[in-house]
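User: I would like a close look at a single part of this model, the sheet, together with whatever packs against it and whatever ties its surroundings together. Please keep the account connected.

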Amino acid sequence: MNKLNYIRLKDYLSSSAFHETNNEECNHLSEEINNVIKCLEDNHLYHNDLHEENIFVNPNLNPKLNQRETIPNIGILDYGNSSENPFK
């Protein structure tokens, strides 16, 4: 089993790694989060408790650009409040 080196978005945003990113990387991070949310909603699944401690980023992977390896991949955890209803 491989260890995943994800960190909470909350911790990433306060890290020096985030403060060294440029606008393109920040925009990519936002796009990835929005893409995950859209994918969930397209499949009628609503997290209902999404915040910076339930979003995890991997600052070591960059599948989009293969230039800098600091653009994170996204993971979302804690689906305990998820439902098919966005208002639950």
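Which residue in β3 does Phe-56 stand opposite?

Analyst: In this predicted model, Phe-56 stands opposite Gly-75 in β3. To place that pair, it helps to begin with the layout of the chain, which has 3 helices and 3 strands that follow one another from the N terminus as β-α-α-α-β-β. The 3 strands form an open, antiparallel sheet in the order β1-β2-β3. Because β1 and β3 stand at the edges with a single partner strand each, one side of each is left without a neighbour in the sheet.

The two pairings can be described in turn. Strand β1, residues 7-8, is joined to β2 in the antiparallel sense over 2 bridges, and here Ile-7 stands opposite Val-57 in β2. On the other flank, β2 and β3 are also antiparallel, with 4 bridges between them; besides the pair that you asked about, Asn-58 has Asn-73 in β3 as its bridge partner. In general terms, the strands of a sheet pair through backbone hydrogen bonds, in either a parallel or an antiparallel manner.

The side chains of β2 divide between two directions: Ile-55 and Val-57 point one way, Phe-56 and Asn-58 point the other way, and all of them are buried. The residues Ile-55 and Val-57 belong to the largest nonpolar core, a set of 9 residues that also includes Leu-9, Tyr-12, Phe-18, Leu-29, Ile-33, Ile-74 and Ile-76. The elements that give two or more residues to this core are α1 (9-13), α3 (23-42), β2 (55-58) and β3 (73-76). Among these, α3 lies across β2 and β3, and runs at about 40° to β3.

Some figures for the chain give this core its setting. Of the 88 residues in the protein chain, 31% are buried, while the chain exposes about 6100 Å², of which carbon and sulfur atoms supply 49%. Among contacts between residues at least 6 apart in sequence, 67% join residues at least 24 apart.

The surroundings of β1 add a set of charged contacts. The structure holds 4 salt bridges, and Arg-8, Lys-10, Asp-11 and Glu-53 are linked in a network of such bridges. Within that network, the side chains of Arg-8 and Asp-11 meet with an N to O distance of 3.0 Å, whereas Arg-8 and Glu-53 meet at 3.7 Å, again N to O. Since Arg-8 lies in strand β1 and Glu-53 in the loop between α3 and β2, the latter pair ties together parts that are 45 residues apart in sequence. Glu-53 also forms a salt bridge with Lys-10, whose closest N and O atoms are 3.1 Å apart. This second pair likewise links distant parts of the chain, with Lys-10 in helix α1 and Glu-53 in the loop between α3 and β2, 43 residues apart.

As for exposure, the members of this network are partly exposed: Arg-8 has a relative accessible area of 27%, Glu-53 is at 31%, Asp-11 is at 32% and Lys-10 is at 38%. The four side chains of β2, Ile-55, Phe-56, Val-57 and Asn-58, are buried instead. To return to your question, Phe-56 is thus described by its position opposite Gly-75 in β3 and by a side chain that points the other way from those of Ile-55 and Val-57.

Methods: Residues are numbered from 1 along each chain as its sequence is written. This is a predicted model: local features need pLDDT of at least 70, side-chain atom pairs count only at pLDDT 80 or more; totals for chains, interfaces and linings use all residues. Side-chain values use heavy atoms; hydrogens and water are left out. A nonpolar core is a set of buried Ala, Val, Leu, Ile, Met, Phe, Trp, Tyr and Cys residues joined through side-chain atoms within 4.5 Å. Buried means under 20% relative accessible area, exposed over 50%, partly exposed in between (1.4 Å probe, protein chains only). Contact means heavy atoms within 4.5 Å. Accessible areas come from the Shrake-Rupley method with a 1.4 Å probe; for residues, only the protein chains shown count as cover. Two strands pair if DSSP finds at least two bridges between them. Axes are lines fitted to C-alpha atoms, for helices over the stretch in contact, and angles run from 0 to 180 degrees between N-to-C directions.
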